[in-house]
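Q: Please zoom in on the charged side-chain pairs for me, and then show me what they sit on. I'd like one connected walk-through, with the numbers.

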Amino acid sequence: MNALAPRKRVVLLGATGSIGENALRVLAAHRDKLELVGIAARANWEKLAAIARQFDVRQVGVFDDTAFAAARANAAAFPAGIRLVGGLAGLVELAQLPGADIVLVAVVGTTGLEPALAALAAGKD
């Protein structure tokens, strides 16, 4: 990649699972080329908060309603200034994030279908 080329901005849905963890390793190894701008998980908001702090992510989603409520109640665990979204609508919103170039959908089962279609409709890679 050209040294003057902008970094690709990535949204990672399923950041706390095995595929997400591997994607995070790649993102960490290529910070000069890739920037993580959005993350989501099914329920593990504590791990999501750690990822948000490590990568300075400002757009965060939690799919499970109970976990989303817990994440909101523990907002201090996340970096200041984050935007926290919940449920399937939150995943879809992250998949369409205007500043993102790439959306990696690493969620289990059919939960990822609507966000994947939304990302494609929004012109994301």
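A: Let's start with lysine 33, which is partly exposed in this predicted model, with a relative accessible area of 31%. Its salt-bridge partner is aspartate 32, and the closest N and O atoms of the two are 3.6 Å apart. Aspartate 32 itself comes out at 51% relative accessible area, so it counts as exposed, given that the exposed class begins over 50%.

That pair belongs to a count of six salt bridges. Two others in the walk-through share a residue: Arg7, Arg9 and Glu35 are joined in a network.

Take arginine 7 to begin with. Its side chain meets that of glutamate 35, N to O, at 3.5 Å. Because arginine 7 lies in the segment before β1 while glutamate 35 is in strand β2, this bridge ties together parts of the chain 28 residues apart in sequence. As for solvent, arginine 7 is partly exposed, at 35% relative accessible area, and glutamate 35 is partly exposed too, at 25%.

Now for the second contact of glutamate 35. Its salt bridge with arginine 9 has the closest N and O atoms 3.7 Å apart, which passes because the cut-off is 4 Å. Here the link runs from strand to strand: glutamate 35 is in β2 and arginine 9 is in β1, so parts 26 residues apart in sequence are tied together. Arginine 9, like its partner, is partly exposed, and its relative accessible area is 32%.

So what do those two strands belong to? They're part of an open, five-stranded sheet, with parallel pairing and the order β4-β3-β2-β1-β5. At the edges you'll find β4 (83–86) and β5 (102–105), each of which pairs on one side only. From one strand to the next, the twist averages 20°.

Over by the β4 edge, β3 (residues 59–62) pairs with β4 in the parallel sense, over four bridges. If you want one of the residue pairings, glycine 61 has valine 85 in β4 as its bridge partner.

Next, the helices. Helix α2 (residues 45–55) packs on the sheet and touches β2 (34–41) and β3, with its direction at about 165° to that of β2. Helix α4 (residues 87–95) packs on the sheet as well, touching β1 (8–13), β2, β3, β4 and β5, and its direction makes about 130° with that of β4.

Helix α2 also brings us to the aromatics. Searching the whole structure turns up one aromatic pair. The rings are those of tryptophan 45 and phenylalanine 78, with centres 6.4 Å apart and planes at 35°, so the pair is classed as tilted. Tryptophan 45 is in α2 and phenylalanine 78 in the loop between α3 (65–73) and β4, so to speak a link between distant parts of the chain, 33 residues apart. Both count as buried: tryptophan 45 has 12% relative accessibility, and phenylalanine 78 has 5%. Set that against the charged network, where Arg7, Arg9 and Glu35 are each partly exposed.

Technical notes: Residues are numbered from 1 along each chain as its sequence is written. This is a predicted model: local features need pLDDT of at least 70, side-chain atom pairs count only at pLDDT 80 or more; totals for chains, interfaces and linings use all residues. Side-chain values use heavy atoms; hydrogens and water are left out. Two strands pair if DSSP finds at least two bridges between them. Axes are lines fitted to C-alpha atoms, for helices over the stretch in contact, and angles run from 0 to 180 degrees between N-to-C directions. Contact means heavy atoms within 4.5 Å. Rings of Phe, Tyr and Trp (its six-membered ring) pair if their centres lie within 6.5 Å; planes under 30 degrees apart count as stacked, over 60 as edge-to-face and the rest as tilted. Buried means under 20% relative accessible area, exposed over 50%, partly exposed in between (1.4 Å probe, protein chains only).
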